Amino acid sequence: MPKFIDHHPMSELAPEAKAGIAEKLKAGEPDEHGVRGLNVFIGKNGESFCLSEAPSAEAVKKAHEAFGFELSDSDIVEVESVV
């Protein structure tokens, strides 16, 4: 399954919201768009970087839209690991 990193602004999250994201990631279940979150990195400057497995960049975009995050095509990059 292809892997993608996306980037978007993220406002300050409450500890319970971070815990909810962590719980969803640990469950490892894909959402209704076929996107399985692998990790989320939240920068101290309010930026967020999400690593996921998904059938396509469009699926990543739709999954984020379901949570209120609008992504442009340039915010999503297909990646592969060198390890």
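# Close-up views of a predicted model

**View 1. H8 and the company it keeps.** Leaving out neighbours within four places in sequence, H8 is in contact with G46, E47, S48, C50, H64, F69 and L71. Everything here comes from a predicted model, so read these views with that in mind. H8 belongs to strand 1. Is H8 buried or exposed? With a relative accessible area of 2%, H8 is buried, because anything under 20% earns that label. Look for H64 as well: its side chain makes a polar contact of 3.5 Å with the side chain of H8.

**View 2. D6, a buried acid without a salt bridge.** D6 is another residue of strand 1, which covers residues 3-9. Which side chain of opposite charge is nearest to D6? It's K61, but K61 is 12 Å away, and D6, though buried, has no salt bridge. What D6 does have is a polar contact of 3.1 Å between its side chain and that of H64. So H64 turns up again here, having already met the side chain of H8. Skip the residues up to four places away in sequence, and D6 touches S48, F49, C50, V60, H64, L71, D75 and I76.

**View 3. Strands 1, 2 and 3, side by side.** Strand 3 (residues 47-53) pairs with strand 1 in the antiparallel sense, over seven bridges. One spot to find is P9, whose bridge partner in strand 3 is E47. Strand 3 also runs antiparallel to strand 2 (residues 36-42), and six bridges join those two. Here you can pick out G37, which stands opposite S52 of strand 3. How many residues lie between strand 2 and strand 3 in their hairpin? There are four, and G46 in the turn has a positive phi of about 90°.

**View 4. The largest nonpolar core.** Eight residues make up this core: F4, V35, A54, A59, V60, A63, L71 and I76. Helix 2 (residues 57-65) supplies the largest share, with three residues. As a rule of thumb, nonpolar side chains in soluble globular proteins tend to be buried together. Take A63 as a way in: beyond its neighbours within four places in sequence, A63 is in contact with D31, H33 and V35.

**View 5. Helix 2 and what it packs against.** Which residues of helix 2 are buried? They are A59, V60, K61, A63 and H64. These buried residues pack against strand 1, strand 3 and strand 4 (76-79). For a look at the outside instead, try E32, in the loop between helix 1 (15-27) and strand 2. E32 counts as exposed because its relative accessibility is 64%, and the cut-off is over 50%. E32 sits 30 residues from K62 in sequence, yet their C-alpha atoms are 9.6 Å apart in space.

**View 6. K3, R36 and E53, a little charged network.** The structure holds three salt bridges, and two of them are here: K3 with E53 (3.6 Å, N to O) and R36 with E53 (2.9 Å, N to O). The first pair ties together distant parts of the chain, with K3 in strand 1 and E53 in strand 3, 50 residues apart. The second pair does likewise, with R36 in strand 2 and E53 17 residues away in strand 3. Through shared partners, K3, R36 and E53 end up in one network. How accessible is each of these residues? E53 counts as buried at 16% relative accessibility, whereas K3 is partly exposed at 31% and R36 is partly exposed at 26%.

**View 7. Around K3.** Stay with K3 and leave aside neighbours within four places in sequence: K3 is in contact with L38, S52, E53, V77, E78 and V79. G37 is 34 residues from K3 along the sequence, while the C-alpha to C-alpha distance is 9.7 Å.

**View 8. K61 and D73.** K61 finds its salt bridge with D73, at 2.7 Å from N to O. K61 lies in helix 2 and D73 in the loop between helix 2 and strand 4, twelve residues apart. Is K61 buried or exposed? At 14% relative accessibility, K61 counts as buried, whereas D73 is exposed at 57%.

Methods
Residues numbered from 1 in each chain as written. Predicted model: local features only at pLDDT ≥ 70, side-chain atom pairs only at ≥ 80, totals over all residues. Heavy atoms only, no water. Core = buried A, V, L, I, M, F, W, Y, C linked by side-chain atoms within 4.5 Å. Buried < 20%, exposed > 50% of the residue type's maximum accessible area, 1.4 Å probe, protein only. Contact = heavy atoms within 4.5 Å. Lys, Arg positive; Asp, Glu negative; His and termini not counted. Salt bridge = Lys/Arg side-chain N within 4 Å of Asp/Glu carboxyl O. Polar contact = N/O pair within 3.5 Å; in protein donor to acceptor, adjacent residues only side chain to side chain. Pairing = 2+ DSSP bridges.
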